[in-house]
Amino acid sequence: MTKLLKDIHRHTLCRSLMSVAAYSVLLFTAISCAQDMPSTPEQEQIPISMSASAVESIASSRALITNNNLQGVHLGVYATKTVASSNSPILVFNNVELEYKNSVWDYSPKRYWDRTASYNFVAYAPYSVANTSYTPSTNTLTISNIPYWQTINKDVTDYLVAKSSNSATNYLEASGSVQLQFSHILSQFTVRIVKAENQSDLEYKVKKVDYINVPASNGTAKYTYNPNSTSSFSDISIASSPSSVSIFNGILAFDEVDENANVFAPTTNNLNYPQ
């Protein structure tokens, strides 16, 4: 009986030692394989930065906001990102306010690049909480309550918009910054009366100017900005007859005005001059 117990104990001990030896070999092999595999360093989180400039259509722009003073206003930014696993845009910037300080366009809290995503940005100036909305699915910005007419004074608002779309990889390879080039959506005009050479001794006084093919003198408009489609004004009531307003230097919410447009309809009835 004693011999049988010794044989069983010896057999059990041998099996235990073999198991420990086998486990040690497996563990050593696993550690060696892990050491042979190249390590993947954690990628640095890079914040999304932006730059801004105002596009001027002529060399000497009459626009109120230009590159010279764009940094004096705040910008509003909307943006979405789309990843390969989903076609649904994810809202990243929701009317985030940008302020130029310490030589950069700053905002808080910071957003960081997703290297796997593509981005769509739309921006506007000046920043507003109440008068803007955004549709992420179509990347469409809407600015509301824009006055039909604004006289050039300290309270006038000159609206601009900008867009940018690209993959995070391309943004990072280029400069790491989103370049926002702003364009004006309003038309500025100035009315001047020029005397003929043989009338230099006459003194004119303008009573009013009639405008045709433009909005009525009162009201507000809505501007829909879609970088991938047509952007335009809506909710504008075009005057059925010439609109008479005493504005000679202002901006107009109307996107069809150009330097050759037939907009003004001055008549001799609107001029007082010595007989």
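**View 1. Asn 139 is a buried residue with positive phi.** In this predicted model, Asn 139 is buried, with a relative accessible area of 3%. Asn 139 lies in the loop between β6 and β7 (140-147). Its phi is positive, about 55°, although Asn 139 is not a glycine.

**View 2. Ser 103 also has a positive phi, but is exposed.** Here phi is about 70°, again in a residue that is not a glycine. Ser 103 sits in the loop between β3 and β4. Its relative accessibility is 59%; the cut-off for exposed is over 50%, so Ser 103 counts as exposed.

**View 3. Four strands make an open antiparallel sheet.** Their order is β6-β7-β14-β15. β6 (132-135) and β15 (232-234) are the edge strands. Each has a single partner strand, so one side of each lacks a neighbour in the sheet. On average, neighbouring strands of this sheet are turned by 25° against each other, direction ignored.

**View 4. β14 pairs with β15 at the sheet edge.** Strand β14 covers residues 220-225. Three bridges join β14 to β15, and the two run antiparallel. Tyr 223 has Phe 233 of β15 as its bridge partner. In general, strands of a sheet pair through backbone hydrogen bonds.

**View 5. The largest nonpolar core has 29 residues.** Ile 48, Met 50, Phe 93, Tyr 119, Phe 121 and Phe 182 have the most contacts inside this core. Several elements give two or more residues to the core: β1 (49-54), β2 (75-83), β3 (90-101), β5 (117-125), β9 (160-167), α2 (168-174) and β10 (177-184). β5 gives the most, with five residues. A second, separate core has 24 residues. Among them are Ile 146, Ile 185, Phe 189 and Ile 251.

**View 6. Phe 182 and its contacts beyond four places in sequence.** Phe 182 is one of the core residues with the most contacts inside the largest core. With neighbours within four places in sequence left aside, Phe 182 is in contact with Ala 52, Ser 53, Ala 54 and Val 55, among others. Its contacts also include Leu 70 and Leu 75. Ala 123, Tyr 124 and Ala 125 are in contact with Phe 182 too. So are Leu 160, Val 161 and Ala 162.

**View 7. Cis peptide bonds precede Pro 109 and Pro 126.** The bond from Ser 108 to Pro 109 is cis, with omega near -5°. Pro 109 lies in the loop between β4 (104-106) and β5. The bond joining Ala 125 and Pro 126 is cis as well, with omega about -5°. Pro 126 is placed in the loop between β5 and β6.

Definitions and conventions:
Residues numbered from 1 in each chain as written. Predicted model: local features only at pLDDT ≥ 70, side-chain atom pairs only at ≥ 80, totals over all residues. Heavy atoms only, no water. Pairing = 2+ DSSP bridges. Axes fitted to C-alpha atoms, helices over the stretch in contact; angles between N-to-C directions. Core = buried A, V, L, I, M, F, W, Y, C linked by side-chain atoms within 4.5 Å. Buried < 20%, exposed > 50% of the residue type's maximum accessible area, 1.4 Å probe, protein only. Contact = heavy atoms within 4.5 Å.
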